[in-house]
Amino acid sequence: MSTVTRPPGERSRAGAPGPATPRGGGGGGLGGRFFNGFSHLFLVVWAVMVIYPLLWVVMSAFKSDAEVIRQPLSLIPEKLNWDNFSRAWVEGHLGSFFGNTLLVLVGSVGLTMLLGSMAAYVLARYEFPGNRAIYYLFLSGLTLPIYLAAVPLFKGVYNMGVVFPLLGPNSHLMLILVYVAWSLSFTVFFMHSFFRTLPNAG
């Protein structure tokens, strides 16, 4: 009678023990389960804290005037008053406010990106005396808190409006220039880092 034998390599693989399996099926133990439960609870609480105010604002838009005063914290309105939106647009002059916002937004963002990208490109790609001094001068604008500059900024805008009526505190141009001046530091800092990563031509 002939006996069939396996090759030595196959026999050793067949008899080799498999990887050890931890008892209990895995899962990280009591500490891991406690941490996972706490993290999930924290995320749920955080989601409620973020979603509830947004939902309250949206639902409050459908409340009547009396209901807003009588029950300001209630979430569900007694009736969906769809005419609130038309009243806000016509009687509240929301259309003109929206137009002013759009005008200032387009002007300030466009001018900020134009001036900021040009200044950042020159500072990032060309070496000249005073390059770093000008760059750090832009960065110093990031360290100035807006609350500290609110009163001097208002006085400066008001005094400029006295000399130049076109740049008065109620003009769109003056508001655009203020936004551009305030956001130019961050724009130069951000665009400067981007232009430094571009390869040199040739």
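## Helix 6 and its two sides

Let's start with helix 6, which spans residues 131–140 in this predicted model. Which of its residues are buried? They are N131, Y135 and L139. Looking down the axis of helix 6, these buried residues fall within an arc of 70°, so they line one face of the helix.

That buried side has neighbors to lean on: its residues pack against helix 5 (94–125) and helix 8 (172–196). Turn to the face pointing away from the buried side, and you will find the exposed residues A133 and L137.

## Segments annotated as transmembrane

The UniProt record, an unreviewed entry, places the feature "transmembrane region" at residues 41–62, 102–123, 135–154 and 174–195. It is worth checking what the model shows in two of these stretches.

Over residues 102–123, the chain is 100% helix and 0% strand, with the end C-alpha atoms 31 Å apart. Residues 135–154 come out as 75% helix and 0% strand, and here the end C-alpha atoms are 26 Å apart.

## Two salt bridges

How many salt bridges does a search of the whole structure find? The search turns up two. One joins D65 to R87, with the closest N and O atoms 3.1 Å apart. D65 belongs to helix 3 (residues 65–70) and R87 to helix 4 (residues 83–90), so this pair ties together parts that are 22 residues apart in sequence. Both ends have some access to the surface: D65 is partly exposed, at a relative accessible area of 47%, and R87 is partly exposed too, at 31%.

A salt bridge also links the side chains of E78 and R70, at 3.2 Å from N to O. Is E78 buried or exposed? With a relative accessible area of 58%, E78 is exposed, since the cut-off for that label is over 50%. Its partner R70 counts as partly exposed, at 49% relative accessibility.

## A nonpolar patch on the surface

Now for a surface feature you may like to pick out on the structure. A nonpolar patch is formed by F34, F38, L41, F42, L43, V45, W46, M49, V50, I51, L54 and L55. Together these residues have about 1,300 Å² of accessible area.

L41 makes a handy landmark within this patch. Where does L41 sit? Its place is in helix 2 (residues 29–60). At 53% relative accessibility, L41 counts as exposed. In the UniProt record, residue 41 is also where the annotated transmembrane region 41–62 begins.

Technical notes: Residues are numbered from 1 along each chain as its sequence is written. This is a predicted model: local features need pLDDT of at least 70, side-chain atom pairs count only at pLDDT 80 or more; totals for chains, interfaces and linings use all residues. Side-chain values use heavy atoms; hydrogens and water are left out. UniProt positions are given in the numbering used here, feature names are shortened, and annotations may be inferred rather than shown by experiment. Helices (H or I, at least four residues) and strands (E, at least two) are DSSP runs, numbered from the N terminus. A salt bridge is a side-chain nitrogen of Lys or Arg within 4 Å of a carboxyl oxygen of Asp or Glu. Buried means under 20% relative accessible area, exposed over 50%, partly exposed in between (1.4 Å probe, protein chains only). The arc is that of the directions from the helix axis to the C-beta atoms. Contact means heavy atoms within 4.5 Å. Patches are made of residues with over 30% relative accessible area and no salt bridge: like charges are joined within 9 Å, nonpolar side chains (Val, Leu, Ile, Met, Phe, Trp, Tyr) within 5 Å. Accessible areas come from the Shrake-Rupley method with a 1.4 Å probe; for residues, only the protein chains shown count as cover.
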